[in-house]
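Thanks for asking me to look at this one with you. Have the sequence and the picture open side by side, and take the points below at your own pace.

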Amino acid sequence: MTTSVETPDDATTATPRHTPLHDEHVALGATLTEFGGWLMPLRYASDLAEHRAVRAAAGLFDLSHMGEIRLRGPEAGNALDVALVGWLSQVQPGRARYSMITNEFGEVIDDLVVYRLADDDFLVVANASNAPVVARELVSRAAPFDVEVTDESEATALVAVQGPLAEQIVTGLAAGDADKVRALRYYASVPATVAGVEALVARTGYTGEDGFELFVPADHAVALWRSLLGTGAEDGLVPAGLSARDSLRLEAGMPLYGHELDLTTTPYDAGLGRVVRLDKTTDDGAVLEFVGRAALASRRGCEPARVLVGLSAAGRRAAREGDHVVVRGHVPQIVVGKVTSGAPSPTLGHAIAMAYVTPEVSAVGTELAVDVRGREEPVEVVELPFYRRPDKA
């Protein structure tokens with residue numbers, strides 16, 4: 001049995017929505033901006049300071065705009081195997097997996113993180129602007145299975161503590177659950193009490209640093225936020241907005257839906273073919289025909305029309321989304337790609353970008369240029385990610 005879900009209007013509505021922490025952001029003097037249908041903090045004081053705090057100590061993010069869709073029932077895993085490109089029924093309880101939902105042509109509707117909370121209980125986390133569409137697709141695709149689908153986005157708040165001191169800050173508020181939080185592996189989750197609030201604590205994130213994402217009832221979000229800020233301040237934790245989150249994820253080479261991923265791309269285009277499990281089978285060993293499988297199978301092993309690459313510049317003049325990647329010094333210009341994300345890197349001290357380029361210029365070390373407002377800026381193709389956090393001593 002599949003239960004239909006009532007979701008808010010798509011993120012094109014005229015009036016942006018507020019997270020449960022909206023008043024906290026206003027009180028902290030945040031600059032607010034519309035993002036994915038929500039009014040979110042862009043920054044509190046300084047983009048640069050917030051970025052650097054996450055790399056050196058910790059940052060606190062409000063992610064309550066994300067969508068949370070729950071699937072419960074004896075066939076929940078089987079339903080997700082059909083609905084998504086990954087093999088979610090093989091995920092062990094307590095673990096999580098990055099996956100995608102595609103249409104029948106293998107084009108990406110959204111990228112997701114799926115948490116298996118128990119044998120028959122999964123939590124799917126979707127991007128804010130796509131959450132209503134993902135919820136409706138999951139209801140439709142799960143219809144033949146014995147599973148209940150519930151959109152819990154309205155009732156759920158999500159905050160993230162990211163940075164090298166994240167573990168110290170979160171476990172310091174976890175009291176009797178500190179040991180099990182500390183023992184969490186990457187892409188794993190555990191129920192725990194943090195600052196007196198019952199939470200699902202996940203060791204996941206989007207910054208390239210160690211960190212935790214805490215799912216809590218929406219009416220407990222303010223208490224948790226204030227406790228984390230108050231306790232973490234002595235360790236250098238600061239509230240951080242979307243601007244820092246974007247520059248952090250760019251340094252970490254992580255795709256953002258609407259930039260590196262959209263309905264014109266497949267997982268293979270984005271270099272994420274590893275998440276596609278064409279080897280999925282049913283219980284009787286037959287090939288499992290998930291949505292988009294035929295189109296994706298036809299693409300496997302074929303040279304893509306474009307390749308997602310990292311671009312490194314010598315200076316700080318940054319390429320921006322939509323700028324053309326060109327053959328360096330050629331007159332007239334030969335366009336070989338387009339930038340999807342770009343910014344000066346606070347950590348590296350020079351500009352970086354991600355771009356889709358044609359395969360013949362995608363090799364690491366290839367010298368190209370980006371047309372930035374009419375002037376060619378030299379760049380070099382480099383491996384992603386741009387930044388990896390240092391190993392613990």
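The notes below start with a sheet and its helices, then turn to a cavity and a few single residues.

1. Before anything else, please keep in mind that this is a predicted model. Every value in these notes is computed from that model.

2. Let us begin with the sheet. It is open, has five strands, and follows the order β5-β6-β7-β4-β8 with antiparallel pairing. The edges are held by β5 (96–102) and β8 (148–151); each has a single partner strand, so one side of each is left without a neighbour in the sheet. If you look along the sheet, neighbouring strands are turned by 25 degrees against each other on average, direction ignored. As background, strands of a sheet pair through backbone hydrogen bonds, and the pairing can be parallel or antiparallel.

3. Now follow the pairing from β5. This strand runs antiparallel to β6, and seven bridges join the two. One place to find on screen is A96, whose bridge partner in β6 is Y115. The hairpin of β5 and β6 has five residues between the strands, and G106 in that hairpin takes a positive phi near 80 degrees.

4. The next hairpin is made by β6 and β7, with two residues between them. Here the antiparallel pairing extends over five bridges. To locate it, look for A118 and its bridge partner in β7, D121. How many of the eleven residues of β6 are buried? Nine are, and the strand is mostly covered.

5. At the other end of the order, β4 (residues 67–72) and β8 run antiparallel and are joined by four bridges. R70 is a handy marker, with T150 as its bridge partner in β8. Helix α4 (residues 131–142) packs on the sheet and touches β4, β5, β6, β7 and β8. The direction of α4 makes about 15 degrees with that of β4.

6. A second helix deserves a look here. Helix α3 (residues 76–83) lies across β4, β5, β6 (108–118) and β7 (121–126). Its angle to β7 is about 35 degrees.

7. P93 sits in the loop between α3 and β5. Is P93 buried, partly exposed or exposed? Its relative accessibility is 38%, so P93 counts as partly exposed. Beyond its neighbours within four places in sequence, P93 is in contact with R116, A118 and D119. For a sense of distance, try G322: it is 229 residues from P93 along the chain, and their C-alpha atoms are separated by 41 Å.

8. H22 is worth setting beside P93. This histidine is found in helix α1 (residues 22–27). H22 counts as buried because its relative accessibility is 11%. Leaving aside neighbours within four places in sequence, H22 is in contact with L32 and L39.

9. Next, look for enclosed space. The structure holds three cavities of 30 Å³ or more, and the second largest has a volume of about 60 Å³. Which elements give two or more residues to the lining of this second largest cavity? They are β14 (307–313), β17 (351–357), β18 (367–372) and β19 (375–382). β17 gives the most, with three residues. The lining divides into ten nonpolar residues, no polar ones and two charged ones. Among the lining residues are L311, I352, V370, R317 and E377.

10. Finally, check some backbone details. Most residues other than glycine have a negative phi, and most peptide bonds are trans. Y187 has a positive phi near 60 degrees, although it is a residue other than glycine. Y187 is found in the loop between α6 (178–182) and β10 (189–194), and it is buried because its relative accessible area is 16%. R373 also has a positive phi, of about 50 degrees, and is not a glycine. R373 lies in the loop between β18 and β19; with a relative accessible area of 61%, it is exposed.

11. Two peptide bonds complete the list. The one joining V331 and P332 is cis, with omega about 0 degrees, and P332 has its place in the loop between β15 (324–327) and β16 (335–344). The bond from L384 to P385 is cis, with omega near 0 degrees, and P385 lies in the segment after β19.

Notes: Residues numbered from 1 in each chain as written. Predicted model: local features only at pLDDT ≥ 70, side-chain atom pairs only at ≥ 80, totals over all residues. Heavy atoms only, no water. Pairing = 2+ DSSP bridges. Axes fitted to C-alpha atoms, helices over the stretch in contact; angles between N-to-C directions. Contact = heavy atoms within 4.5 Å. Buried < 20%, exposed > 50% of the residue type's maximum accessible area, 1.4 Å probe, protein only. 1 Å grid on protein atoms, 1.4 Å probe; cavity = no way out; pocket = protein on both sides within 12 Å on 5 of 7 lines; lining within 4 Å. Points joined across faces, edges and corners; volume = space filled by probe spheres on them. Nonpolar A, V, L, I, M, F, W, Y, C, P; charged D, E, K, R; others polar.
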